[in-house]
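Me: Hey, could you walk me through this protein? I'm new to reading structures, so plain words please.

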Amino acid sequence: MDRLTNTIRPYAWGSTTAIAELLGTEPTGEPQAEMWMGAHPGAPSRTERGPLDEVIDEDPARELGPRAVAKFGPRLPFLLKILAAGAPLSLQVHPNREEAGDGYEDERRRGVPIDAPHRNYKDANHKPELICALTPFDGLCGFRAPAAAAELLSGLGVDSLEPYVDLLRAKPEEGALREVLTAVLTADPDDMAKTVADAAAAAERIGGTYAPYAAIARDYPGDPGVIAAMLLNHVRLQPGEALFLGAGVPHAYLEGLGVEIMANSDNVLRCGLTPKHVDVPELLRIVRFEATDPGILRPEASPDGEEVYDTPIDEFRLSRFVLAEGGAAHDLTAGTPQILLCTAGTVRAGDIALTPGQSAFVPAGEKAEVSGTGTVFRATVVA
């Protein structure tokens with residue numbers, strides 16, 4: 001078992017305090033957005049044996065186990081993060097595996113550099129993800145029903161939004177959502193900036209249901225993503241609740257601290273709330289234009305005390321143990337690779353003591369027991 005030393009990414013939307021508070025360290029004054037745990041080449045965790053990606057490369061079968069290698073190849077198939085949003089992340093969708101493979105090959109064939117700012121596909125993998133709240137956590141997930149989106153937009157009393165309201169009320173679901181999102185993202189930038197400013201002023205004045213969108217507009221004035229965000233469901237997670245985000249589902253995280261796990265991919269198509277590249281035609285090809293229930297997940301407890309967040313994919317499996325003082329140790333030995341993350345209290349993972357924000361990598365087949373008082377998340381795969 002290896003204690004992990006992890007990189008904190010300073011993205012501009014990150015909270016300046018949340019990760020420091022979790023770790024019990026002094027804030028740096030700079031945004032701290034994500035702490036990465038895993039073997040992603042962009043910021044691999046470090047162990048006493050070296051960077052985790054290099055450790056795995058030296059002997060994938062030993063570190064990952066033969067079942068995981070046979071199913072996912074010689075790489076750790078998930079990336080675990082602590083995510084701390086102090087401002088909204090970009091409104092985005094992720095491709096499915098086929099779309100990612102086709103897009104990656106097309107951009108490779110056209111000679112688009114892998115680090116080009118306008119490149120959409122950094123790899124050929126899909127990127128399903130799960131976010132589990134550690135604090136109250138606000139986000140946007142999936143389209144509202146067109147009638148509900150029309151009511152929300154109409155309630156602002158902004159004349160330039162009325163054509164969108166009419167489309168949402170007149171068209172069948174898929175056509176309504178597609179036409180309105182297309183119109184918002186392709187509108188004249190100056191006209192849209194005025195519409196956003198008028199909508200933001202109205203949202204500030206009305207408050208209530210509109211308060212999240214007023215807050216978004218303060219961070220992204222004039223951005224068409226503010227109007228696009230109003231087409232989506234607003235969700236507030238309580239600690240321990242989670243969201244699963246599959247392919248084609250538009251979403252954004254707004255504020256809060258959580259544990260995030262995803263397939264090991266960088267593929268993102270952005271809709272707005274970002275200064276980065278927005279490829280509207282490719283985005284519209286990937287988005288699933290259907291109203292969805294966000295489907296808040298709550299963990300399912302097993303007799304051994306493991307609380308599992310059930311998801312329909314195999315690249316990752318996230319669960320947690322809430323450990324009580326004097327309780328029995330839990331044997332987590334498995335034939336698959338694991339990362340254990342403490343988020344509260346003090347727990348022991350084998351011979352390693354973990355406090356909030358600290359983590360350990362457990363190679364496949366290694367003896368792994370956890371005990372103590374607190375909460376530990378367990379990330380592994382289904383193989």
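Reply: Sure, let's go through a domain, a strand, a helix and one residue. Keep in mind that this is a predicted model.

Me: Okay, domain first. Where does UniProt place the "Phosphomannose isomerase type I catalytic" domain?

Reply: The UniProt record, an unreviewed entry, puts that domain at residues 3–144. Over that stretch the chain is 27% helix and 25% strand. The C-alpha atoms at its two ends are 43 Å apart.

Me: Now strands. How many residues of β12 are buried?

Reply: β12 covers residues 251–263, and 12 of its 13 residues are buried.

Me: Which way does β6 run when it pairs with β12?

Reply: Antiparallel, with 8 bridges between β12 and β6, which is residues 78–85. One spot to look at is Lys 81, whose bridge partner in β12 is Glu 260.

Me: And what about β8 and β9?

Reply: β8 (residues 129–133) is joined to β12 by 5 bridges, and those two run antiparallel. There, Ala 133 sits opposite Gly 258 of β12. β9 (residues 137–143) also pairs with β12 in the antiparallel sense, over 4 bridges. In that pairing, Leu 140 has Ala 252 as its bridge partner.

Me: Switching to helices. How far does α5 reach?

Reply: α5 spans residues 97–109, so to speak 13 residues, and reaches 18 Å from first C-alpha to last. That is close to the 18 Å expected at 1.5 Å a residue.

Me: Which residues of α5 are buried?

Reply: Glu 99, Ala 100, Gly 103 and Glu 107. Looking down the axis of α5, its buried residues fall within an arc of 95°, so they line one face of the helix.

Me: Why would residues that aren't neighbours point the same way?

Reply: An α-helix has 3.6 residues a turn, so residues three or four places apart point the same way.

Me: Nice. What covers the buried side of α5, and what's on the face turned away?

Reply: The cover over the buried residues of α5 includes α12 (280–286). The face turned away carries the exposed residues Glu 98 and Arg 109.

Me: What happens at the two ends of α5?

Reply: At the start of α5, a side-chain oxygen of Asn 96 comes to within 3.2 Å of the backbone nitrogen of Glu 98. After α5 comes Gly 111, with a positive phi near 75°.

Me: Last one: is Thr 195 buried or exposed?

Reply: Thr 195 counts as buried because its relative accessibility is 6%, and the cut-off is under 20%. Thr 195 is in helix α9 (residues 189–206). Leaving out residues up to four places away in sequence, Thr 195 touches Ser 160 and Leu 161.

Conventions
Residues numbered from 1 in each chain as written. Predicted model: local features only at pLDDT ≥ 70, side-chain atom pairs only at ≥ 80, totals over all residues. Heavy atoms only, no water. UniProt positions renumbered as here; feature names shortened; annotations may be inferred. Buried < 20%, exposed > 50% of the residue type's maximum accessible area, 1.4 Å probe, protein only. Pairing = 2+ DSSP bridges. Contact = heavy atoms within 4.5 Å. Expected span 1.5 Å × (residues − 1). Arc of directions from axis to C-beta. Polar contact = N/O pair within 3.5 Å; in protein donor to acceptor, adjacent residues only side chain to side chain.
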